[in-house]
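Here is a short, friendly tour of a protein that may be new to you. Please keep the sequence and the 3D view at hand as you read.

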Amino acid sequence: MADIFDVIADGTRREILQLLLRRSSEGDTGTSVSQIVADLGVSQPTVSKHLKVLRESELVSVREEGQHRFYSLSPAPLEQVDDWLVPFFVEEGDFDDVAELGAAQLPESAARAAEAVGRAAASAKNVVQSALKRLGA
């Protein structure tokens, strides 16, 4: 499997991922190649080439209906990117309170939940900061 950073480094693949994300948030259960071609204004062979890379990296899943293929976003591999980026956006001192707890141990299920909440919070903080920068605030 290709390195996830190499996969998302390509602008067309990022556009495809953003399109699939937008369409899934609108309730679509899959997007056809022809819909992607029409929305992005990119040739069908180019879209197919990029979808193959995204499929091989497991960022998209495909559902076949006859001769048609419908693609959906599978964001799980992006957790690697999130894990790598989060430390750059977490300010020093954010975890001071946790360090003061010392030897207090959380049950494994609670630790996993806390980690997921922490990732979501860091991601949300990044999205808000990016949006504010774009708005000039």
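## Getting started: a histidine and its surroundings

Leaving out residues up to four places away in sequence, His50 touches Asp10, Thr12, Arg13 and Ile16, where contact means heavy atoms within 4.5 Å. The model is a predicted one, in which local features need pLDDT of at least 70 and side-chain atom pairs count only at pLDDT 80 or more, while totals for chains, interfaces and linings use all residues. Residues are numbered from 1 along each chain as its sequence is written, and side-chain values use heavy atoms, with hydrogens and water left out.

**The whole protein**

- The protein has 7 helices and 3 strands; these are DSSP runs numbered from the N terminus, with helices being H or I of at least four residues and strands being E of at least two.
- Read from the N terminus, the order of elements is α-α-β-α-α-β-β-α-α-α.
- Of the 137 residues, 22% are buried; buried means under 20% relative accessible area, exposed over 50%, and partly exposed in between, using a 1.4 Å probe and protein chains only.
- About 9,500 Å² of the protein is exposed, and carbon and sulfur atoms supply 55% of that area, as computed by the Shrake-Rupley method with a 1.4 Å probe, where for residues only the protein chains shown count as cover.
- Among contacts between residues at least 6 apart in sequence, 56% join residues at least 24 apart.

**Helix 4, the home of His50**

- His50 sits in helix 4, and it counts as buried because its relative accessibility is 4%.
- The 13 residues of helix 4 should span 18 Å at 1.5 Å a residue, and its end C-alpha atoms are indeed 18 Å apart; the expected span is 1.5 Å times one less than the number of residues.
- Joining His50 as buried residues of helix 4 are Val47, Leu51 and Leu54.
- Seen down the axis of helix 4, these buried residues fall within an arc of 105 degrees, so they line one face of the helix; the arc is that of the directions from the helix axis to the C-beta atoms.
- Pro45, Lys49 and Glu56 are exposed on the other side of helix 4.
- The cover over the buried residues of helix 4 includes helix 1, helix 2, helix 3, strand 2 and strand 3.

**Helix 2**

- Helix 2 covers residues 11–25 and reaches 21 Å from its first C-alpha to its last, close to the 21 Å expected.
- Which residues of helix 2 are buried? They are Arg13, Ile16, Leu17, Leu19, Leu20 and Arg23.
- Down the axis of helix 2, the buried residues fall within an arc of 160 degrees, so they line one face of the helix.
- Gln18 and Ser25 are exposed residues on the face of helix 2 turned away from its buried side.
- At the N-terminal end, Asp10 caps helix 2, with a side-chain oxygen 2.9 Å from the backbone nitrogen of Thr12.
- After helix 2 comes Gly27, whose phi is positive, near 100 degrees.

**The nonpolar core**

- The largest nonpolar core has 18 residues, of which Leu17, Leu20, Ile36, Leu51, Leu54 and Leu59 touch the most other members; such a core is a set of buried Ala, Val, Leu, Ile, Met, Phe, Trp, Tyr and Cys residues joined through side-chain atoms within 4.5 Å.
- Helix 2 provides the largest share of this core, 4 residues.
- Beyond its neighbours within four places in sequence, Leu59 is in contact with residues including Ile4, Leu17, Leu54 and Leu78.

Conventions: Polar contact = N/O pair within 3.5 Å; in protein donor to acceptor, adjacent residues only side chain to side chain.
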